Amino acid sequence: MVGEIPLFRKYPKLATIPWVSVIVSPTPVHKIVQTSTTLKRAIWVKRDDLTHTVYGGNKPRKYEFVFADILRKGKETIVTLGSIGTNHGLATAVTARDFDLSTHLFVLEQPISEGVRENLLCHHFFGAKVHLMKNTFHRKLAMKIKLMLDRSSYFVTLGASSPLGTLGFVNAAFELKEQIEKKLIPEPDKLFVTAGSLATCAGLVLGLELAKVKTKVIGIGVTDPVRSSKQNTIKLAKKALEIMRNKDDSIPDVSEKIENRLIIDHSYFGGKYGASTKEALEAIDLAKKDELKLEHTYTGKTLGGLIDYCQKNKVTKDEITLFWNSKSSADMSPYLNQITYRDLPKEFHKFFDNET
Ligand SMILES: Cc1ncc(COP(=O)(O)O)c(C=O)c1O
């Protein structure tokens, strides 16, 4: 709807793209004082951990466009994928429940942590049907069969990082621009954000370019560097731009320009998705002082990258650095108190083996 979100306020012709309200926005921005003191410069945070009252983080922004497409097409079942602790899977199940849709989640194993176990329990609590797959080949086949047999099903790509999902983060960049204009935050010089399935980075870099905000984007890679590459990020941003320009040809073709404001850095990856690194653990501890709840797979590595950058690079005192907090900080204990691993299908019990 025209005027409903920052992106449509800027480009009213885009309001014909299906969109549905999912998030609580704008998400707050504020300086993180203890981290700023430690790093001797101004560090700000964008609180996308608070995008949703049940389960926030970066995914619900993408769903405003992805779920609108599902509803427009009259589909009833979502088929999607991830690792067993997938945040995307949980956010999908929570949002699907709100729209009376069902979720089929096709997952592969990953290193087990408390966070992974909690998500696995919550997937079930929020009604997702979780299919544990042996490998990517079996998973691809199983999803294909499900999509073929169930005509009401809709495939949502890994992390909802489709061109439509990317629009959620183009909108986020315009949201930030409005916050800068209202002087809620100074215009950041650099923005650190997690790069996984890439729509978050792609949307932000495209949106910031279109919004004429000077901020450079540093995506901290947390998955296989070949997959979460700069090239793939730019490709995704270009596809999102194409959707926008098809609706409004006055939108400039900035596809060349976005390359200059994006870095994807895999130095903090730790060699394996979900691996715990020293930098991430230190960052998690530091963030606690500012009452931010981070974890080691995504946001810990990203703040770890930010800290390392600040320590290695001399910058002017006035430089503003923004940390985009993309992991939900919602308290899941009200739901976790209502489910135990024994409520899960037997094949998942092994992930809780040390519990009695
Ligand atoms: C908490 C969190 N932050 C950031 C990301 C990365 O976002 P994207 O997949 O859009 O690159 C993910 C998913 O991979 C995530 O779960």
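This report looks at the ligand site and at two backbone details of a predicted model.

## Where the ligand sits

The ligand occupies the largest pocket. Around the ligand there are 15 residues. Lys 62, Ser 197, Leu 198, Thr 200 and Ser 326 come nearest.

Three elements each give at least two residues to this shell: α3 (59-72), β7 (190-195) and α8 (199-210). The shell also draws on two domains. Domain 1 (6-57 + 166-324) and domain 2 (59-160) each supply at least three of its residues.

## What touches the ligand

Sort the shell by class. Eight residues are polar, four are nonpolar and three are charged.

Now look at single atoms. The side chain of Asn 58 has an N or O atom 2.9 Å from an oxygen atom of the ligand. At Leu 198 the partner is a polar backbone atom, 2.7 Å from a ligand oxygen atom. Ser 326 uses its side chain: an N or O atom there is 2.7 Å from a nitrogen atom of the ligand. On its own, the ligand has 390 Å² of accessible area, and the protein covers 95% of that.

## Two backbone details

Most peptide bonds are trans, and most residues other than glycine have a negative phi. Which bond is cis here, between Ser 25 and Pro 26? The peptide bond that joins Ser 25 and Pro 26 is cis, with omega at about 0°. Pro 26 is in the loop between α1 (6-10) and β1 (29-31).

Ala 160 is not a glycine, yet its phi is positive, at about 55°. Ala 160 is found in the loop between β6 (153-155) and α7 (163-181).

How values were computed
Residues are numbered from 1 along each chain as its sequence is written. This is a predicted model: local features need pLDDT of at least 70, side-chain atom pairs count only at pLDDT 80 or more; totals for chains, interfaces and linings use all residues. Side-chain values use heavy atoms; hydrogens and water are left out. A residue is near a molecule or strand if one of its heavy atoms lies within 4 Å of it. A polar contact is a pair of N or O atoms within 3.5 Å; within protein, one must be able to donate a hydrogen and the other to accept it, and residues adjacent in sequence count only if both atoms are side-chain atoms. Accessible areas come from the Shrake-Rupley method with a 1.4 Å probe; for residues, only the protein chains shown count as cover. On a 1 Å grid over the protein atoms alone, a cavity is a set of points where a 1.4 Å probe fits but cannot get out, and a pocket is an open set with protein on both sides within 12 Å along at least five of seven lines; lining residues have an atom within 4 Å of a point. A molecule sits in a cavity or pocket if more than half of its atoms lie within 2 Å of its grid points. Helices (H or I, at least four residues) and strands (E, at least two) are DSSP runs, numbered from the N terminus. Ala, Val, Leu, Ile, Met, Phe, Trp, Tyr, Cys and Pro count as nonpolar, Asp, Glu, Lys and Arg as charged, and the others, Gly among them, as polar. Domain bounds come from an automatic or database domain assignment.
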